[in-house]
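Reader: I am new to reading structures, and I would like to understand how the words used for them are justified. Could we go through this one together, with the reasoning spelled out?

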Amino acid sequence: MADGKTMIEGKIVRVCGRGAEVFFWITQPDDLVQSRHANGFFYESDDLQLLMKHVKPGCVVLYVGSHIGNHAIFFEKFLHAREIILIEPNPATIDHLRINIGLNRL
């Protein structure tokens with residue numbers, strides 16, 4: 001590319017539920033997390049459903065190990081978090097996280 005950035009092949013998939021539609025960028029369909037997204041589900045969906053019973057709307061979430069944003073997107077779209085503070089120590093994952101955050105206009 002002219003700007004010196006490398007394009008990474010992937011596709012955008014949609015996950016729907018509870019009246020909301022979210023999107024994830026998939027680059028490795030065999031990856032444990034991304035395979036769930038590719039099949040229309042959140043990763044660790046049972047754990048996320050349990051959180052809905054214990055976390056109140058408008059909460060502030062500190063999310064350490066944000067990975068590609070699975071939980072962060074859930075917190076915003078379904079728990080209606082007021083603020084989500086993301087920490088992701090793996091530089092190789094941060095661009096993927098940013099893409100998923102952007103796809104969902106967070």
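Reader: Which strand supplies the largest share of the nonpolar patch?

Author: This is a predicted model, and in it the largest share of the nonpolar patch, 3 residues, comes from β3. The patch lies on the surface and is formed by V60, L62, V64, I85 and I87, which together have about 430 Å² of accessible area. Both β3 (60-64) and β4 (83-87) supply at least two of its residues.

Reader: Why is V60 called partly exposed?

Author: V60, which is found in strand β3, has a relative accessibility of 41%. The term buried needs a value under 20% and exposed needs one over 50%, so V60, at 41%, counts as partly exposed.

Reader: What makes up the two faces of β3?

Author: The covered face of β3 holds V61 and Y63, while V60, L62 and V64 are on the uncovered one. Y63 has a relative accessibility of 11%, which is under the 20% cut-off, and therefore counts as buried.

Reader: How is β3 paired with β4, in the parallel or the antiparallel sense?

Author: The two strands, β3 and β4, pair in the parallel sense over 5 bridges, and V61 stands opposite I84 in β4. Between the strands the chain crosses from β3 through α3 to β4, in a β-α-β crossover that is right-handed.

Reader: How many aromatic pairs are there in the whole structure, and why is the pair of F42 and F78 called edge-to-face?

Author: A search of the whole structure finds 5 aromatic pairs. The ring centres of F42 and F78 are 5.7 Å apart, which is within the 6.5 Å needed for a pair, and their planes stand at 85 degrees, which is over 60, so this pair is edge-to-face.

Reader: What does the pair of F42 and F78 tie together?

Author: F42 lies in the loop between α1 (32-38) and α2 (45-54), and F78 in the loop between α3 (70-77) and β4, so the pair ties together parts that are 36 residues apart in sequence. F42, at 7% relative accessibility, counts as buried, and F78, at 9%, counts as buried too.

Reader: What makes Y63 and F75 an edge-to-face pair?

Author: The rings of Y63 and F75 are 5.7 Å apart, centre to centre, with 80 degrees between the planes, and an angle over 60 counts as edge-to-face. This pair links distant parts of the chain, with Y63 in strand β3 and F75 in helix α3, 12 residues apart. F75 is buried, because its relative accessible area is 9%, under the 20% limit.

Conventions:
Residues numbered from 1 in each chain as written. Predicted model: local features only at pLDDT ≥ 70, side-chain atom pairs only at ≥ 80, totals over all residues. Heavy atoms only, no water. Patch = residues over 30% accessible without salt bridge, like charges linked within 9 Å, V, L, I, M, F, W, Y side chains within 5 Å. Areas by Shrake-Rupley, 256 points an atom, 1.4 Å probe, with all protein chains shown as cover. Salt bridge = Lys/Arg side-chain N within 4 Å of Asp/Glu carboxyl O. Helix = DSSP H or I, 4+ residues; strand = E, 2+ residues; numbered from the N terminus. Buried < 20%, exposed > 50% of the residue type's maximum accessible area, 1.4 Å probe, protein only. Phe/Tyr/Trp six-rings, centres within 6.5 Å; stacked < 30°, edge-to-face > 60°. Pairing = 2+ DSSP bridges. Right-handed = clockwise from strand over helix to strand, strands pointing away.
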